[in-house]
Amino acid sequence: MTETIDNYTPKSEFLKVMMERGFIHQCTDPEALDKKLLAGVVPAYIGFDLTASSLHVGSLVQIMMLRHLQKSGHKPVVLMGGGTTKIGDPSGKDESRQMLTVEKINENMQGIKKVFEKYLDFGDGDTDAIMPNNADWLDKLGYVELLRDVGPHFTINRMMTFESVKLRLDRENPLTFLEFNYMILQAYDFLELQRRVDCGLQMGGSDQWGNIINGVELNRRKDQKEVFGLTTPLITTASGAKMGKSANGAIWLNDDMLSPYDFWQFWRNTDDADVGRFLKLFTELPLDEIAKLEALEGAEINEAKKVLANEVTAMCHGREAAEKAESTAKKAFEERSLGADLPTVEVAKSELEAGVFISDLYVTAGLGKSKGEVRRLIKQGGAKINDEKITDGEMKVTLDNLNDQGSIKLSAGKKRHILIMPK
C-alpha cells in the first residue's frame, strides 16, 4: 500500500505542485490518484481535532495543502472533529489528552473556523470548500451496530503495530480503550465522507499514515470504492525542533492568541538552512523566485527571511498587518527606537513606585523563565533596558526608568523586546 512518489512524474496540477514544493511523504498508488485528479473534481479531506480555540503553525502544511488543492480545481473538505475530539487522537502522544466538555469543543470549533476562512473559499460551488463536523454522524452511532458493521474489518494484531500504540506500550504509558477506538472512528469518517460527498482522498501528516490506510481499506471492503491517502513529511526546523513551537510557546494562527507582530517575528527568525524549504511550503511565491532567495548568503539571507515573514503573515493576517509588523521591527531593531506595536506587559504603577528587581521584571515580561536565567543573560551582556546594557543584576526598575513614550523597553538579545507599561 505504501508508495513513495519519487519515481513517478505526476501529470495533474495538484500532485505536480505537491511534489515540486516538498509536501509529499507517502502516497497510495500515485499513478491511479493522478488519473483520478485528471478526470474531474476530487473532494479531498483533512481532519482537525478541536483541542484548542486556534490552530498553530504545526497545522499550516495541511492548511496549505488544502489551499493548493482548491487552486488546482478540486474541493477541500475541512473535517471538524467534533466527535473524535471527545476521544482524543493518541498519535504522537505520550499520555492521554485532557477530556473536554462539549461546550468547550464547540467553542474551539468557532475559533478554528476563523483560520480556514483566511485560506479557503467556502460555498456551494463544485470546488468551494465545505466544513462538515464528524459529530453529525459519530454521535448517532449505536455501539453494537458499529462493532458489527465495522469491527470485523480491523484486527487487533494490525492495530498493535501502529506507532501510536507502540509508543505508549514501549514507554509503559497507559493507552485507554477509549483512545484505542480512535483509529476505527477515523476510518469510519473516511467511509462517511466518501458516501456523503464522494470524497476520494484523505491527506494528513506522516503520523496519520496508519489511520489513513485504515480508511482506504475500509472503503474498499465495505463499498468496493477505490480511495486514496497522501501524507506530508514531519516538518522540523534545522535544529530538529518540531514545527509549531517556540521558546515562548505555540505560534498560533489567530490574532487573539498571538499578535501579528509576534507571528511575523517567528518567521523572520527562521534558521538560514530552513529559508528555502519554508518559502516552498508556506508561501505561494514562484519556484524560480524562491531559488534566487535561498541562494542569498551572509547578511543578505536576512532579506529572504523578511520576504518569508511578509508572505506568510500577509496570508494569515492580511498584507497591511505584515507591512505594519515589518515597519515595527525596523524601528525597534534597525533604528533602535520604539515601535508602537511591540508586545506590551502591564505592571502596577505602585510596584514601579516601590521598585521592581530587574530579574523579576524580566520573568514577568516572559523574557526569562527564572531569575537565574535572567542573571546569566545579564552576565553575558544580552540584557538591555531602553537600549542600554544592564550591568547590575540586582538593579531595581522604577518610574524613573520610563522613557519619553511613558514605557520601559526590555530587550533579551537582539530579537526579543517587550514594553513595560505602568497601569
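In the predicted model, Tyr45 has Gln202 of strand S4 as its bridge partner. This contact belongs to the pairing of strand S2 (residues 43-49) with S4, which is parallel and comprises 2 bridges. On the S5 side, S4 is joined to strand S5 (residues 228-232) by 5 bridges, again in the parallel sense. Within that pairing, Leu201 stands opposite Phe228, and Met203 has Leu230 as its bridge partner. Strand S4 (residues 201-205) is mostly covered, with 5 of its 5 residues buried. These strands are part of an open sheet of 5 strands, arranged in the order S1-S5-S4-S2-S3 with mixed pairing. Strand S1 (26-27) and strand S3 (75-81) occupy the edges; each has a single partner strand, so one side of each lacks a neighbour in the sheet.

Another open sheet of 5 strands follows the order S8-S14-S13-S10-S11, and its pairing is also mixed. Its edges are formed by strand S8 (344-347) and strand S11 (388-389), each of which pairs on one side only. Strand S10 (residues 383-385) runs antiparallel to S11, and 2 bridges connect them. In this pairing Lys384 is placed opposite Lys389 of S11.

Nonpolar side chains in soluble globular proteins tend to be buried together. In the present model, the largest nonpolar core contains 69 residues, and Phe116, Trp267 and Phe282 have the most contacts inside it. A separate core of 27 residues lies apart from it and includes Leu79, Tyr182, Leu185 and Cys199. When neighbours within four places in sequence are left aside, the contacts of Phe116 are Phe48, Leu55, Ile63, Leu66, Val78, Met80, Phe122 and Met131.

A polar residue is also found in a buried position. Asn214, located in helix H11 (residues 209-223), counts as buried because its relative accessibility is 4%, under the 20% limit. Residues up to four places away in sequence not being counted, Asn214 touches Phe154, Phe162, Met183 and Ala187. Nonpolar residues also appear on the surface, where Tyr143, Val144 and Leu147 form a patch with about 300 Å² of accessible area together. Of these, Val144 lies in helix H6 (residues 143-149) and is exposed, with a relative accessible area of 58%.

Across the whole structure, 14 salt bridges are found. One of them joins the side chains of Glu284 and Lys71, with an N to O distance of 3.4 Å. Glu284 is in the loop between helix H13 (275-282) and helix H14 (287-294), whereas Lys71 is in helix H3 (residues 60-71), so the pair ties together parts that are 213 residues apart in sequence. Glu284 is partly exposed at 28% relative accessibility, while Lys71 is exposed at 57%.

A salt bridge also connects Asp223 with Arg195, at 2.8 Å from N to O. This pair links distant parts of the chain, with Asp223 in helix H11 and Arg195 in helix H10 (residues 182-197), 28 residues apart. Both partners are partly exposed, Asp223 at 22% relative accessibility and Arg195 at 41%. Salt bridges with shared partners further join Arg67, Lys71 and Glu284 into one network.

Within helix H4 (residues 102-119), Lys104 and Glu107 are 3 residues apart and therefore separated by about one helical turn. They form a salt bridge in which the closest N and O atoms are 3.3 Å apart. Lys104 is partly exposed at 33% relative accessibility, as is Glu107 at 49%.

Note on methods:
Residues are numbered from 1 along each chain as its sequence is written. This is a predicted model: local features need pLDDT of at least 70, side-chain atom pairs count only at pLDDT 80 or more; totals for chains, interfaces and linings use all residues. Side-chain values use heavy atoms; hydrogens and water are left out. A nonpolar core is a set of buried Ala, Val, Leu, Ile, Met, Phe, Trp, Tyr and Cys residues joined through side-chain atoms within 4.5 Å. Buried means under 20% relative accessible area, exposed over 50%, partly exposed in between (1.4 Å probe, protein chains only). Contact means heavy atoms within 4.5 Å. Patches are made of residues with over 30% relative accessible area and no salt bridge: like charges are joined within 9 Å, nonpolar side chains (Val, Leu, Ile, Met, Phe, Trp, Tyr) within 5 Å. Accessible areas come from the Shrake-Rupley method with a 1.4 Å probe; for residues, only the protein chains shown count as cover. A salt bridge is a side-chain nitrogen of Lys or Arg within 4 Å of a carboxyl oxygen of Asp or Glu. Helices (H or I, at least four residues) and strands (E, at least two) are DSSP runs, numbered from the N terminus. Two strands pair if DSSP finds at least two bridges between them.
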